[in-house]
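Hello,

Here is the structure we talked about handing over. Please open it alongside this note; the findings follow below.

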Amino acid sequence: MDRILRLLTLLVAVIAPLTAALKFDLHPVSPHDAAKYERCIRNFVADKQLVVVTAILDGYRGDGQRVDMHIRDAMGNDYHKPKDVVGENRYAFTSHADSAFDVCFENTYTGAQTTSGPRHVELDIDIGADAKDWSAIQAGEKLKPIEAELRRIEEVVGEIVTEMDYLRAREQKLRDTNESTNERVKWFAFGTMGMLVGLGAWQVVYLRAYFRSKHLI
């Protein structure tokens, strides 16, 4: 048991440094072009799953730029729409459906065009078990660090199993649709061939009767 715990701890220690926030720059544009140059990051979330979006932006209010955020999904649900975002900001929501969601940014001039550089953004999106505050859970339930880590790993594995079941169900649905389409195409091809053979036979009979009526054969 101790060996398994050590292996799990080592695995987490190896994987944890590999996760990093997404970093990019937002160049300011005029308000008329804001929608055109909107920068969006897309991710997928399952129904009723916790999502925590953390955005860290440099700059300050009044520097001639204004960054607006918009968190929405493909089903038309709006979760957050903060204005004039600076510093560290955290937004949490629970998804309403199995859908892709977008975290979008717009950087516009607030007056005369500023000569300052673009706003730098660090974006981190945590979903499911990764979005929970495990430090608070550990303190609230008086868990040992390894116990809290095992709880987190257990929930992550459960989410992976759920996602695999979802993908398997989608694959089965797509396979059934593919087989149904193939069956319809096959019978359509047989019907087309039968119609062409019948049309050819009718043409032969008609032409023979026509030529006989003209005493050509």
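**Salt bridges in helix H3**

Arg175 is partly exposed, at 36% relative accessibility. Keep in mind that this is a predicted model. The partner of Arg175 is Glu171: their side chains meet in a salt bridge, 2.9 Å from N to O. Glu171 is also partly exposed, with a value of 43%. Both residues sit in helix H3, four residues apart, which is about one turn of the helix.

Further along comes another pair. Lys186 makes a salt bridge with Glu183, and their closest N and O atoms are 3.3 Å apart. These two are three residues apart in helix H3, so about one helical turn separates them. Lys186 is partly exposed at 34% relative accessible area. Glu183 is partly exposed at 37%.

Salt bridges with shared partners also join Asp130, Glu149 and Arg152 into one network. Within it, Arg152 pairs with Asp130, the closest N and O atoms lying 3.2 Å apart. What does that pair tie together? Arg152 is in helix H3 (residues 145–213), while Asp130 is in the loop between strand S8 (119–127) and helix H2 (134–141), so the bridge connects parts that are 22 residues apart in sequence. Asp130 is partly exposed, with a relative accessible area of 41%.

In total, a search of the whole structure gives 14 salt bridges. The ones above are among them.

**Overall layout**

The protein has three helices and eight strands. From the N terminus, the order is α-β-β-β-β-β-β-β-β-α-α. There are 217 residues, and 26% of them are buried. The exposed area is about 15,100 Å², with carbon and sulfur atoms supplying 59% of it.

How much of the contact set is long-range in sequence? Take the contacts with a separation of 6 or more: residues 24 or more positions apart account for 75% of them.

**The disulfide**

How many disulfides does a search of the whole structure find? The search finds one. Cys40 and Cys104 form it, with their sulfur atoms 2.1 Å apart. The pair links distant parts of the chain. Cys40 is in strand S2 (residues 39–45) and Cys104 is in strand S7 (residues 99–109), 64 residues apart.

The torsion about the S-S bond of Cys40 and Cys104 is about 110 degrees, so this disulfide is right-handed. Are the two cysteines buried or exposed? Cys104 is buried, at 1% relative accessibility. Cys40 is partly exposed, at 32%.

**Two residues in strand S4**

Asp73 lies in strand S4 (residues 65–73). Please look at its charge. Asp73 is buried but has no salt bridge. Which side chain of opposite charge is nearest to Asp73? That is Arg72, at 8.0 Å. The cut-off for a salt bridge is 4 Å, so Arg72 does not qualify.

Asp73 does have backbone nitrogens by its side chain. The backbone nitrogen of Met75 is 3.1 Å from a polar atom of the Asp73 side chain. For the backbone nitrogen of Gly76, the distance to a polar atom of that side chain is 3.1 Å. Leaving out residues up to four places away in sequence, Asp73 touches Tyr79, Ser99, Ala100 and Phe101.

Ile71 is in strand S4 as well. It is buried, with 0% relative accessibility. Its contacts, again leaving out residues up to four places away, include Val53, Tyr91, Phe93 and Val103. Asn77, Asp78, Tyr79, His80 and Asp102 also touch Ile71. Tyr79 therefore appears in the contacts of both Asp73 and Ile71, given that contact means heavy atoms within 4.5 Å.

One distance for orientation: the C-alpha atoms of Ile71 and Arg42 are 9.9 Å apart, and the two residues are 29 residues apart along the chain.

**Where to look**

For a quick tour, begin with the disulfide of Cys40 and Cys104. Then go to Asp73, buried and without a salt bridge. Finish in helix H3 with Arg175 and Glu171.

Best wishes

Notes. Residues are numbered from 1 along each chain as its sequence is written. This is a predicted model: local features need pLDDT of at least 70, side-chain atom pairs count only at pLDDT 80 or more; totals for chains, interfaces and linings use all residues. Side-chain values use heavy atoms; hydrogens and water are left out. A disulfide is a pair of cysteine sulfur atoms within 2.5 Å. Buried means under 20% relative accessible area, exposed over 50%, partly exposed in between (1.4 Å probe, protein chains only). Accessible areas come from the Shrake-Rupley method with a 1.4 Å probe; for residues, only the protein chains shown count as cover. Lys and Arg count as positive and Asp and Glu as negative; His and the chain ends are not counted. A polar contact is a pair of N or O atoms within 3.5 Å; within protein, one must be able to donate a hydrogen and the other to accept it, and residues adjacent in sequence count only if both atoms are side-chain atoms.
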